[in-house]
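Biologist: I'd like to learn how to read a model like this one. Could we start with the ligand and work outward?

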Amino acid sequence: MCGIVGFTGTKDAAQTVYEGLKRLEYRGYDSAGVAVMSGGEINVVKKRGRVSGLGGEILGLHGNTGIGHTRWATHGEPSDINAHPHSSGRFTLVHNGIIENFAELKEKFFPNTAFVSQTDSEIIVRLIDKFFDGNALAAVAKVSALLKGSYALAVMCTGFEGIIVVKYKSPAVVGYGTDGNYIASDCPALAGLCKEISVLEDGDLAVITPSEVKFYGGDLKEIRRVKKRNHAISAALDLCGCPYYMLKEIRENAAAVKATVKAFSSVKKNLKAALVGVNRVIITGCGTAYNSGLIAKRYIESFAHIPAEAEIAGEFRYKNPVVGSGTAVIAVSQSGETADTVGAAELSKSLGAKVIAVTNAPYSALTRIADVVVPVEAGPEICVAATKSYTGQIAALYLTACLICGRDSSEINSLPELINSTVEHTDINSLAQICASANGVYFLGRDLDYAVAVEGSLKLKEITYIQSEGYPAGELKHGTLALIGEDKVAVVLITDKELAAKSENAVEQVLSRHGKVAVITNVAECAERLSGRVPVIPIPACSAELSPLLSAAAVQLLAYRTAIILKRDPDKPRNLAKSVTVE
Ligand code: AGP
């Protein structure tokens with residue numbers, strides 16, 4: 001949700017910032033810009049479109065201090081004018097977040113001034129310039145105190161060879177390099193550049209110069225922030241010969257599960273202690289993370305017989321939820337920065353619940369709220385569509401459910417091999433061709449298969465733009481069947497022997513209405529019954545409870561192949577961004 005990056009040191013700032021922006025592009029990619037200090041003056045290049053569109057022009061920016069931005073538009077359409085950086089007087093800044101009171105501030109402080117852009121960010125730079133009385137840090141602090149909403153800001157001031165940073169509810173890290181110091185929205189942007197980073201807390205300010213970094217509270221008293229190891233390594237950002245990150249990351253599903261299982265042993269003790277006395281579990285998250293919660297709910301209820309609910313974080317936090325000291329809230333988030341998930345976790349904590357974070361981002365906001373952090377070890381996920389983080393989440397949640405009731409979880413150790421086999425051998429191309437020419441794709445399943453169906457549908461719609469729904473197979477005849485016709489495809493997931501015959505009913509119901517049907521299954525009897533009648537995509541056999549790890553890989557591949565056939569960019573789908581740090 002917008003990426004910001006900055007550098008001040010001894011090397012070329014424009015090129016350094018540009019490279020950083022390319023790494024952050026998954027946070028937004030509708031426009032981009034760079035500002036560089038040269039001879040005490042700040043020069044800006046900004047444009048609608050992707051970071052690479054800045055290419056030639058930034059070569060004209062010379063200097064050793066610079067900031068940059070890659071945007072996901074909230075206020076104001078993607079355009080050259082609305083692209084960041086924004087400038088006023090001697091100040092230039094980039095902003096990640098939303099200023100909710102920008103209209104009131106404009107009315108109060110600039111009632112008769114026509115602004116250049118339609119953004120909520122321009123007010124910030126205008127105010128900083130207005131309040132500047134010789135102390136840039138004091139002006140930034142004063143303006144921050146007026147802002148409502150979320151912001152990570154990197155601010156440059158003419159004549160000052162450095163960057164002022166302030167953070168509130170949007171992420172920002174400072175990186176310590178050998179050739180200067182950095183600011184970025186997240187750690188992967190600094191992979192290979194900084195071995196150490198410091199994470200800014202809400203309300204922190206920082207002043208970064210080529211030789212030092214200082215942190216301040218809102219009262220401008222100096223504070224300390226610890227240096228931590230930057231775990232992100234640049235090799236993880238390599239495409240490894242794949243045309244897109246999505247394919248690379250689907251291929252990394254097995255490694256994500258394996259590493260997550262390994263890491264789980266280190267949290268078992270604390271997790272067990274946190275769960276003592278818990279008689280109700282709520283799993284919350286957004287998008288794919290919520291979908292992994294649908295699976296966790298089923299695990300916790302069927303393994304541990306503890307009431308469990310999956311709640312969409314953006315709904316949960318505003319519905320006055322019934323949460324108390326006997327409740328554990330499991331907040332699931334790849335980035336650990338999703339505004340609604342972080343908000344839901346904060347609310348739950350304030351209501352007395354135990355908060356457990358399941359996240360792929362060890363220094364994220366969610367980890368700072370949680371009582372216990374269950375790590376997902378998927379490594380950096382660059383593609384906007386979540387893949388390996390989803391299977392990593394399922395593994396972490398499966399192990400959590402097993403831990404609650406002391407259930408044997410050893411079968412999961414054999415899953416990485418089966419996931420690899422699914423990814424390497426599942427022939428999904430003909431089904432992808434069928435989906436690519438369909439006017440709607442319905443993913444159907446029962447119980448755990450339904451949960452994966454919802455994720456399969458999200459994956460397909462977000463990267464192919466084909467209308468798609470995930471439905472419980474039994475619900476088909478209660479309404480959705482009305483939509484079925486020759487131009488529609490139903491993909492039925494069947495991985496539970498006990499429920500196979502019931503889900504096959506849905507196959508028959510679609511066939512009878514001349515809809516196209518395909519089945520993804522690892523139930524041998526089901527494959528036998530349906531072979532020759534409908535396309536059957538076999539996946540390896542394992543227990544029903546762990547089959548989501550295999551069917552997930554199959555539906556991810558289906559979405560990917562369909563996107564390629566339709567010539568869509570699966571890594572950067574239209575209108576989306578990876579880390580949704582605004583509400
Ligand atoms: C998944 O493919 C998405 N692009 C999106 O739904 C994502 O899962 C959601 O925004 C939550 O992100 P998080 O896991 O970082 O919290």
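Biologist: Which residues come nearest to the ligand?

Modeller: Keep in mind that this is a predicted model. Of the 15 residues around the ligand, the nearest are Ser 333, Gln 334, Ser 335, Thr 338 and Glu 462.

Biologist: How far is a polar side-chain atom of Thr 338 from an oxygen atom of the ligand?

Modeller: For polar contacts, look for pairs of N or O atoms within 3.5 Å. In Thr 338, a polar side-chain atom is 2.4 Å from a ligand oxygen atom. Ser 333 also has a polar side-chain atom by a ligand oxygen atom, at 2.6 Å. For Glu 462, an N or O atom of the side chain lies 2.3 Å from an oxygen atom of the ligand.

Biologist: And how much of the ligand's accessible area does the protein cover?

Modeller: On its own the ligand has 410 Å² of accessible area, and the protein covers 91% of that.

Biologist: Which pocket does the ligand sit in?

Modeller: The ligand sits in the second largest pocket. Two of the helices that help form the shell around the ligand are helix 9 and helix 16 (448-464), each giving at least two residues.

Biologist: Let's stay with helix 9. Why does the distance between its end C-alpha atoms agree with the span it should have?

Modeller: Count 1.5 Å a residue. Helix 9 (residues 287-304) has 18 residues, so it should span 26 Å, and its end C-alpha atoms are 25 Å apart, which agrees.

Biologist: Is helix 9 mostly covered or uncovered?

Modeller: Mostly covered, with 15 of its 18 residues buried. Just after helix 9 comes His 305, with a positive phi of about 55 degrees.

Biologist: Now burial for single residues. Does Ser 31 count as buried or exposed?

Modeller: Buried means under 20% relative accessible area. Ser 31 has 0% relative accessibility, so it counts as buried. Ser 31 is in strand 2 (residues 31-38), and its side chain makes a polar contact of 3.0 Å with the side chain of Asp 30.

Biologist: Why does Gly 203 count as partly exposed?

Modeller: Partly exposed is the range between the 20% and 50% cut-offs. Gly 203 counts as partly exposed because its relative accessibility is 34%. You'll find Gly 203 in the loop between strand 11 (196-199) and strand 12 (205-208).

Biologist: What separates the C-alpha atoms of Gly 203 and Val 166?

Modeller: Compare the chain with the space: Gly 203 and Val 166 are 37 residues apart along the chain, and their C-alpha atoms are separated by 6.9 Å.

Terms used
Residues are numbered from 1 along each chain as its sequence is written. This is a predicted model: local features need pLDDT of at least 70, side-chain atom pairs count only at pLDDT 80 or more; totals for chains, interfaces and linings use all residues. Side-chain values use heavy atoms; hydrogens and water are left out. Helices (H or I, at least four residues) and strands (E, at least two) are DSSP runs, numbered from the N terminus. The expected span of a helix is 1.5 Å times one less than its number of residues. Buried means under 20% relative accessible area, exposed over 50%, partly exposed in between (1.4 Å probe, protein chains only). A residue is near a molecule or strand if one of its heavy atoms lies within 4 Å of it. A polar contact is a pair of N or O atoms within 3.5 Å; within protein, one must be able to donate a hydrogen and the other to accept it, and residues adjacent in sequence count only if both atoms are side-chain atoms. Accessible areas come from the Shrake-Rupley method with a 1.4 Å probe; for residues, only the protein chains shown count as cover. On a 1 Å grid over the protein atoms alone, a cavity is a set of points where a 1.4 Å probe fits but cannot get out, and a pocket is an open set with protein on both sides within 12 Å along at least five of seven lines; lining residues have an atom within 4 Å of a point. A molecule sits in a cavity or pocket if more than half of its atoms lie within 2 Å of its grid points.
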